[in-house]
Amino acid sequence: MRVLDLGCGSGRDLALWAVTASDEVTGLDIDGSRLAIAKVRFSNRTYLQGAGEWLPFEDESFDLVISAVALPYMNIQKTLAEIHR
């Protein structure tokens, strides 16, 4: 499964969302210093700096999008439109 952790911060265990070690996880966050921590904590994942309102991915790139805390800090309508595509 291809998973986007939107607003991933310093990374988190995604088992609560049924994400397993065999899933392809990409984390996206606006804060580069938090991404640096995430890269150390979960080195098997891909991390990119960016904003939810402008996702730097092709259409239909993910099977699941998780946003544990970050969505309220974004333009929700624009971010949801990006997630949908």
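For sorting the residues on this tour, Ala, Val, Leu, Ile, Met, Phe, Trp, Tyr, Cys and Pro count as nonpolar, Asp, Glu, Lys and Arg as charged, and the others, Gly among them, as polar. Keep in mind as you click around that this is a predicted model.

**Stop 1: the pocket.** Select Leu6, Gly7, Leu28, Asp29, Ile30, Gly50, Ala51, Gly52, Glu53, Ala70, Tyr73 and Met74, and you have the lining of the largest pocket. How do the residues of this lining divide? There are seven nonpolar, three polar and two charged ones. The pocket they surround has a volume of about 170 Å³.

**Stop 2: the sheet.** Switch to cartoon and pick out the four strands, which form an open sheet in the order β3-β2-β1-β4, with parallel pairing. On the edges sit β3 (46–49) and β4 (64–66), each of them pairing on one side only. Look along the sheet for its twist: neighbouring strands are turned by 20° against each other on average, direction ignored.

Now zoom in on β1 (2–6) and β2 (24–29). These two run parallel, joined by five bridges. Show leucine 4 and look across to β2, where threonine 26 stands opposite.

Next, colour residues 32–41, which make up helix α1. This helix packs on the sheet and touches β2 and β3, and its direction makes about 175° with that of β3.

**Stop 3: tryptophan 17.** Go to the loop between β1 and β2 and show tryptophan 17 there. Is tryptophan 17 buried, partly exposed or exposed? Its relative accessible area is 36%, so tryptophan 17 counts as partly exposed, since that class runs between the 20% and 50% limits. Leaving aside neighbours within four places in sequence, tryptophan 17 is in contact with Arg12, Leu64, Ile66 and Ala68. Draw a distance from tryptophan 17 to leucine 64, C-alpha to C-alpha: you should get 9.5 Å, for two residues 47 apart in sequence.

**Stop 4: two positive phi angles.** Most residues other than glycine have a negative phi. Stay in the loop between β1 and β2 and select alanine 18. What is the phi of alanine 18? It is positive, about 65°, although this residue is not a glycine. Alanine 18 is exposed, with a relative accessible area of 54%.

For the last pick, move to the loop between β3 and β4 and select glutamate 60. Here too there is a positive phi without a glycine, about 55°. Glutamate 60 is exposed, at a relative accessible area of 63%.

Methods
Residues are numbered from 1 along each chain as its sequence is written. This is a predicted model: local features need pLDDT of at least 70, side-chain atom pairs count only at pLDDT 80 or more; totals for chains, interfaces and linings use all residues. Side-chain values use heavy atoms; hydrogens and water are left out. On a 1 Å grid over the protein atoms alone, a cavity is a set of points where a 1.4 Å probe fits but cannot get out, and a pocket is an open set with protein on both sides within 12 Å along at least five of seven lines; lining residues have an atom within 4 Å of a point. Grid points are joined across faces, edges and corners, and a volume is the space filled by probe spheres set on the points. Buried means under 20% relative accessible area, exposed over 50%, partly exposed in between (1.4 Å probe, protein chains only). Contact means heavy atoms within 4.5 Å. Two strands pair if DSSP finds at least two bridges between them. Axes are lines fitted to C-alpha atoms, for helices over the stretch in contact, and angles run from 0 to 180 degrees between N-to-C directions.
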